[in-house]
Protein chains: 2
Amino acid sequence: MRLSEVFFPTLKEDPADAEIASHKLMFRAGLLRKVAAGIYSFLPLGKRVLAKVEQIVREEMDRIGAQEVLLPALQPADLWKSSGRWDQYGPEMMRLQDRGRRDFCLGPTHEELITDLVMREVRSYRQLPLTLYQIQVKFRDETRPRFGLLRGREFLMKDAYSFHANVEDLQVTYEKMSSAYARIIERCGLEYRVVEAASGIIGGKVSQEFMVVADAGEDVIIYCDACSYSANQETAGGKVEEQQVNDADDAKVSKIQKIETPGHSTVDEVSRFLKVAPDRIVKTLIYKADSKLIAVLVRGDTEVNEAKLADLTSASDIEFVSDKDFAVYPDLMPGFVGPVGLDNVPIFADGMLRMMRDFVVGANEKDAHLINVNWDIDFEIGKWGDLHVTRAGEGCPVCGGVLKEARGIEIGHVFQLGTKYSETMNANFLAEDGNLKPYIMGCYGIGVSRLVAAIIEQFHDERGIIWPFSVAPFTVIIIPLNWEISDQRRVAERLYNDLQEANIEVSLDDRSVSPGVKFAEADLIGFPLQAVVGKRGLEKGCIELKHRLSLRKEDIEIGAAPERIVAVAQKGLEELSREV
Amino acid sequence: MRLSEVFFPTLKEDPADAEIASHKLMFRAGLLRKVAAGIYSFLPLGKRVLAKVEQIVREEMDRIGAQEVLLPALQPADLWKSSGRWDQYGPEMMRLQDRGRRDFCLGPTHEELITDLVMREVRSYRQLPLTLYQIQVKFRDETRPRFGLLRGREFLMKDAYSFHANVEDLQVTYEKMSSAYARIIERCGLEYRVVEAASGIIGGKVSQEFMVVADAGEDVIIYCDACSYSANQETAGGKVEEQQVNDADDAKVSKIQKIETPGHSTVDEVSRFLKVAPDRIVKTLIYKADSKLIAVLVRGDTEVNEAKLADLTSASDIEFVSDKDFAVYPDLMPGFVGPVGLDNVPIFADGMLRMMRDFVVGANEKDAHLINVNWDIDFEIGKWGDLHVTRAGEGCPVCGGVLKEARGIEIGHVFQLGTKYSETMNANFLAEDGNLKPYIMGCYGIGVSRLVAAIIEQFHDERGIIWPFSVAPFTVIIIPLNWEISDQRRVAERLYNDLQEANIEVSLDDRSVSPGVKFAEADLIGFPLQAVVGKRGLEKGCIELKHRLSLRKEDIEIGAAPERIVAVAQKGLEELSREV
């Protein structure tokens, strides 16, 4: 395509609300524009990239025998009521009524709809397994849409659902799907990790996320180099520390004592004031677990992981009660809550406390803390568990090695749902033994528009985007330095034709703008290859081929150019991000 | 793909709410399922057809230099308020609020959004023309969703928008787009007509519809075989009949007279009771034009065309006032309204009345009519115009030939919008003369999912669907009569591999079901070719190739089968619906 005919309005400045590279660069390169918070229009070059990612996803789904369907965005409330999620989903689900005042939502996901479809058509184990997928728009009214395509309110997703007669069969498909996800991400040239994940509102027991490693990622990956352990920080850890102080230590404990700490309530303040390290202080946090008050104790230098807390308490709703909400609880002293004498509030303690003796806690009195406090001696712990947010430096729950951290973008999530939906929706099949049984289900999502952003997060430099060959809007841009000079125009046009005939996706910069503008925009948009036709080169009978990733340049004899570019493009497609 | 692995739940019975062939057959062949009124899921074979139609549309758009974008479904109300359509669009537009109580709609179309996008980026005539398109889901809350994909509430559409510096340039793109639409419909093998159309809420002065001829169509096409005139009945006619009674006739008129017509108020009743043909009776209908009462006179055997009435009265809102609403107008006598003595109500008359003398009208008294009534003598007509619904048999407004009627499905609609949106939205560019001017715009829509249904309306028989080669889910189905017999299996598998290698889209019926079921389902789904592998054929070293359209069968020597099928498929693609 001739660049003069392409609508790609570039920007000199980053958009005011853009915090990360992909958001900035998609706007600057004219790939994307904002319509409202978290709602975007894809412009032609952005749409081309999106279509390529979509096609990679489609090919890998088809390869594993998943069948493409297209389900509607509008979903009747009844379906969601039958699974119980109409009430469970909060304001993130966008709801509306039709002209007959019937309730609908805009699908944030499609478990209910697909289960309803399949239960009406698939009645026998003989028709199983069945895996259906779609590439379709999803709606989630995020509290804080941001980061461009990484956290939008309307976005493109591939979602797949599988139905099985037994768990073993689910596991086979789950593995196939995981391999397909790995291939999709690899074909986009991305570095990634597969991590253990929390299943959240989608449900099921086993789930894994595919995390693209990127500093802009909102997720933290906890991993161990010594073994293959890798988990989302939301769920990482999991193994309660079994080791604890022994009786010998117990004999040496000091006597509890109250200390004035006027105006010092945070861990930092108390640590400085008492000259005690934060890991000698125990934080007492008050939560409502299904509306019942509980106290949670964690070491002063750690945070509470609320997902783990929900697990340990088996509460379906966990709500933090902050100091400023304390007005209604006269027994609780804002900033100075502690476990000693905290009557009628069950205490949950993080396993890290097992190794602690003579620690500091709030005194349940204004401007006072207790020192030399010991569990089992000064207060009772109701239940132990792994309750803290796992961080780099802690021990690996699998091998005991030292854990590391990296930031990641969640691109895919695969779930072994089991019978969560089929049981609540009464979706059964006739099993081989003649009994009606609920389908065993899996579901699998990959963010298609999010992948586009993730690619940019891994592939950009200070000049702009660097597209991997597999998803570039065009593989090559031909840049005649001066379009007004007929020699340059002629060589450029011929190369353009030759490359089109060789099925290379090529654009020709036929604009009458300065070479500086052409180079800057080619670098910004990030075509993998630039074929420069200039006076100096032509005098030697050459064009110059610039590799966007390495910025390396090579002179190629004009006649040999198409062949060389085809070869480089082929190699680039095979090796993706690697130097070619 | 092996048919045993394809999810295509066929039905023996038509769905209860299906009235037309495409709706019935898409359900029966397992291509489509209903989620709610007017909201459907495409199953794998349906999705394959949809993707093919989508690709044809995309190729033809790209061919004329339109650039693909992807705009969101969620659109902020502010955009629609800036064009005034937030209030103009009735309940057909689906509306919702986000968590911040901001108003949004689900786009029924995208004029506002694209105009807003372009006005921010395109500031100079040098950047024009610009044509953008998308293939995207649309939402319209139809009063009465029905006919399956023909009138759905969520559907797939290709919409394009063009921006120009002047009208001549708009006309060039309008013509290109019209040609592209013609090619799209022809590539789907369809018979169609391009007709003059009413622009409706989209607006603009010039617009044409692409009508696929089909008995199930909701639109009526009025056309003339003697010239090229062709129009949607909504707008057909337009030329007021100039010929009228002359003074000589006037001398012969009879004297007005009141007649008792007890209980006879409709044209039919009065015609029978008075033994007067309906074309000697004049109907008087009461409308509110922008809330002001008017009377409309048409010949008894014709109907009022409200679109024409809106044009003639320049009213933006036309509302029929029926007999049962008359309670609030004591001067109006239900069933017996007439123009004589109808004070303070302006009278609009259809041009057909110009030729009428001594006609019958209501007497504005219960159970009475007036006979021998004459305009200009017994009452005054405020304004003449073409106000009736044009029907077959009337004179062509272009050449005077006899008009004909056909039913059609509106597949595409192209509009010369002019400055309707750019003026109200203040969307300007810097013109060559240095002045700011509003863009001249065009917009162009084609129903992608509706095309799928229209194809079936033209291509089906009592056995099922007959897909044109260009959009078939698979070109060939290989049917071994008995999958358990190794000879048949072997020949079928080899043919399957050979055809796949030859890039023919082929399915293999590898199911252990009876030949009867295989044939019936192949006919129902409508693969263009069936390659039957059976005992009798194999004894002669042959397979049998059945053409779905003609039901013609030919024996082909096994070794020659792939080559012959490739040739037939190629020819089928070139000639589409025609016999091959």
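Okay, let's start with a puzzle: which residues point one way from β24(B), and which the other way? Hold that thought while I do the housekeeping.

This is a predicted model, so local features need pLDDT of at least 70 and side-chain atom pairs count only at pLDDT 80 or more, while totals for chains, interfaces and linings use all residues. Residues are numbered from 1 along each chain as its sequence is written, and chains are lettered from A and ligands numbered from 1 in the order in which they are written.

Right, back to the strand. Ile440(B), Gly442(B), Tyr444(B) and Ile446(B) point one way from β24(B), and Met441(B), Cys443(B), Gly445(B) and Gly447(B) point the other way. In a regular strand, side chains alternate between the two faces of the sheet. Both sets are buried here, meaning 20 or more other C-beta atoms within 10 Å of a residue's own, with the C-beta atoms placed from the backbone. With 8 of its 8 residues buried, β24 (residues 440-447) of chain B is therefore largely enclosed by the rest of the structure. By the way, strands are DSSP runs of E, at least two residues, and helices are runs of H or I, at least four, numbered from the N terminus.

Who are the neighbours? Strand β8 (residues 154-164) of chain B runs antiparallel to β24(B), with 8 bridges joining them; two strands pair if DSSP finds at least two. In that pairing, Met157(B) sits opposite Gly447(B). Then β21 (residues 403-418) of chain B, also antiparallel, is joined to β24(B) by 6 bridges, and Gly418(B) stands opposite Met441(B).

Elsewhere in chain B, there's an open sheet of 3 strands, ordered β13-β19-β18, with antiparallel pairing. Its edge strands are β13 (257-260) and β18 (359-362), each pairing on one side only. Between β13(B) and β19 (residues 368-373) there are 4 bridges, and Gln257(B) faces Ile371(B) across that pair.

Zooming out to chain A: we've got 15 helices and 31 strands, and 48% of the 580 residues are buried. The C-alpha trace spans about 90 × 65 × 50 Å along its principal axes.

Last bit, the two copies. Lay chain A on chain B with a turn of 180° and a shift of 0.0 Å along the axis, and the RMSD is 0.1 Å, superposing by least squares on C-alpha atoms of residues with pLDDT of at least 70 in both. That's the relation of a two-fold axis. In chain A, Leu96(A) comes closest to the rotation axis, its C-alpha at 2.7 Å.

Notes. A residue is buried if 20 or more other C-beta atoms lie within 10 Å of its own, exposed if 12 or fewer, and partly exposed in between; C-beta atoms are placed from the backbone.
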